[in-house]
2 protein chains.
Amino acid sequence: MLMSVTIKDVAKSANVSVATVSRVLNKKSNVSEEAIQAVNSAVQALGYSPSFLGRDLRKSETRRILAIIASTEQSFYSDVIRGMEVAAFSQGYDVLIATTHDVPNHEMHLLGMLFSRAVDGAVLLGPKLDAATINSLGEKHNIAMCLERLDNCNVLTVTIDNVKAGRDAVNYLIRKGHKKIGLITTLQRSQSSIDREIGYKLALKDNGIPYNEDYVYFGGYETEQGMRGCEYLMNLPSPPTAIFSISDIIAIGAMNYALSKGYRIGKDLIFMGFDNIQYSHMFVPHLSTVEQPCYAQGKLVIEKLIENMKATNPDHNLYTLPHSLVLRESTGD
Amino acid sequence: MLMSVTIKDVAKSANVSVATVSRVLNKKSNVSEEAIQAVNSAVQALGYSPSFLGRDLRKSETRRILAIIASTEQSFYSDVIRGMEVAAFSQGYDVLIATTHDVPNHEMHLLGMLFSRAVDGAVLLGPKLDAATINSLGEKHNIAMCLERLDNCNVLTVTIDNVKAGRDAVNYLIRKGHKKIGLITTLQRSQSSIDREIGYKLALKDNGIPYNEDYVYFGGYETEQGMRGCEYLMNLPSPPTAIFSISDIIAIGAMNYALSKGYRIGKDLIFMGFDNIQYSHMFVPHLSTVEQPCYAQGKLVIEKLIENMKATNPDHNLYTLPHSLVLRESTGD
DNA sequence: TTGTATGCGTTATCAC
DNA sequence: GTGATAACGCATACAA
């Protein structure tokens, strides 16, 4: 489209060498004031913008990091991305986002940008690839995971302790005086769902309540599935009086059903969600939920990833950040 | 991190020249079966992945397109992005997303990726830069706008007719028998908001209803502002019986207020939103709204943008795609 | 069918 | 303080 103006053109126009132009552009110290002026006005006049293609090749770095997410639909990622951007930007990196739509092959395709050095590093937010694959990639490339951990995965990871979070959530429901606790979770297993389920069971055990598999509904991530889950649970011979859902979206669906059947939410029936999405305090009644530190997780994972890019000995640890309960009307608070 | 294996290493290992390696990798026809085998097994053995840094510089194209959005919070962008990706992918392009968080300077910084040829083109979804700036960028670079148009902007744009959409929405409320129509819009002006307001006024005029500025509330994009707007409108001496909001988020806030005051939504008071976000049919009562063809807009803008990249004579037209009304409980449907 | 050589736009090393 | 020039990794024109 544009007959590219290069550093050579600027050099010619400013009557200096390309080396000097490069020095000015990169703000090196040893260059005369005259040269600086000459170069700057030439740059201005020609509308020159240095090509990253040349620069990146020469320096063999791009200062770009790729965040790979399922889709932009989960508004919940927003704060994570923001944390990533702030951390990256402060060190001169840009964050680019790409979406997989849950297709493992496409996730691999995007990781190709990493293998091909189009980006310096990648962060996976909820990968669909298996641990073994990610492990082998992690040996050769700068890669990290955020929000979601993987069992037996030896890759830098920042997440929360989902077991403890699930446990805390359910313990709270029990402390509210409830003994019959339903769980709505997903058939499609992500490690965070599994961990939250484990937390659910541990909380029951903490309180000497026997685990009853009838109280667990396996559905999908959509609101509709939450409705189904609640419908199923409330039609049990001895329905639960409290329901923990592994996501707010699901919990809202569940409350939708409960509302339509006239249950008094927060009294007859209490609900706890997970994620603290924006909508959880827009919905009426407002939803109690577990909040995870999205911004902080995003920030930390980038800081660690950038450290790794410079390190000879990369850090492949798992970092867990603290979560918290947000109590609203749906639990009678 | 990784002592890069290059095309040279592959050539050596396969006992051929780098040219032959390149030919095999790019699936050129004129190359012997032997060579293909040799190269492929060398690639395999060495774990070679071609560097985009070299390739992109040589071909001076990246086959990457940047989508610049405010943030990933508006789940509403999701389908647009999806349309963009499908269109791009089918032509061998990747779509990368970057967020501005409404900071014009950061938008400019991201456009730097375009100037510096780190991407071949960019799509702005709701730019914060002014028309003059974007115009001048559009002369030299492959750039397009989507979802949001700008007055006097001579840049490829794909959007809907927001004037007509607003007009249709309000006309529907009037056809439902309402004459006192409130409008909740935003103080911070985007062209789409302005256009929807114009549509509101035109619909009133269509029906011989005088415009009353008391019926218009200017707030922000958040749910809370929708509540305020509704509160304001319903406390007027002669409150409206129908409320049009320029976004679903705002409309949900407005309904929140109405619910809390005991109005019977869909009967005493009807609501129309805009965008058809996922929440609009999760909220109870379900929200009537205006749907825009997100996927189609994303798809079209990329198709046109890629055409432009090849064209000597780029297309700077404005394309408007059809919207539709989605009728639910909030309008008594 | 294959190899050699050049150049893409930078930055960095080295002489001056 | 400055200017040649090599090198980054690749694709391709040209020769063979």
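Helices (H or I, at least four residues) and strands (E, at least two) are DSSP runs, numbered from the N terminus. The model is predicted: local features need pLDDT of at least 70, side-chain atom pairs count only at pLDDT 80 or more, and totals for chains, interfaces and linings use all residues. Residues are numbered from 1 along each chain as its sequence is written, chains are lettered from A and ligands numbered from 1 in the order in which they are written, and side-chain values use heavy atoms, with hydrogens and water left out.

**View 1. Protein surface near DNA strand C.** A residue is near a strand if one of its heavy atoms lies within 4 Å of it. DNA strand C is surrounded by 25 residues, and Tyr48(A), Arg58(A), Thr20(B), Ser32(B) and Arg58(B) are the closest. Helix 2 (18-25) and helix 4 (52-59) of chain A, and helix 2 (18-25) and helix 4 (52-59) of chain B, each supply at least two residues of this surface. Helix 4 of chain A gives the most, with 4 residues. The surface has 9 nonpolar, 10 polar and 6 charged residues, where Ala, Val, Leu, Ile, Met, Phe, Trp, Tyr, Cys and Pro count as nonpolar, Asp, Glu, Lys and Arg as charged, and the others, Gly among them, as polar.

**View 2. Phosphate oxygens of DNA strand C.** Sugar or phosphate holds 64% of the strand C atoms within 4 Å of the protein, and bases hold the rest. A polar side-chain atom of Ser22(A) is 2.8 Å from a phosphate oxygen of the strand. Backbone N or O atoms lie 2.7 Å from a phosphate oxygen at Ser51(A) and 2.9 Å from one at Ser17(B).

**View 3. Surroundings of DNA strand D.** Around DNA strand D there are 25 residues, the closest being Thr20(A), Ser32(A), Ile7(B), Tyr48(B) and Arg58(B). Of the strand D atoms within 4 Å of the protein, 63% belong to sugar and phosphate. Polar side-chain atoms of Thr20(A) and Ser32(A) lie 2.7 Å and 2.6 Å, respectively, from a phosphate oxygen of strand D. A polar backbone atom of Gly54(B) is 3.1 Å from a base nitrogen of this strand.

**View 4. Glu85(A) in helix 5 of chain A.** Glu85(A) sits in helix 5 (residues 77-89). Glu85(A) is buried (under 20% relative accessible area, 1.4 Å probe, protein chains only). Glu85(A) has no salt bridge (a side-chain nitrogen of Lys or Arg within 4 Å of a carboxyl oxygen of Asp or Glu). Arg82(A), the nearest side chain of opposite charge, is 4.4 Å away.

Technical notes
A polar contact is a pair of N or O atoms within 3.5 Å; within protein, one must be able to donate a hydrogen and the other to accept it, and residues adjacent in sequence count only if both atoms are side-chain atoms. Buried means under 20% relative accessible area, exposed over 50%, partly exposed in between (1.4 Å probe, protein chains only). Lys and Arg count as positive and Asp and Glu as negative; His and the chain ends are not counted.
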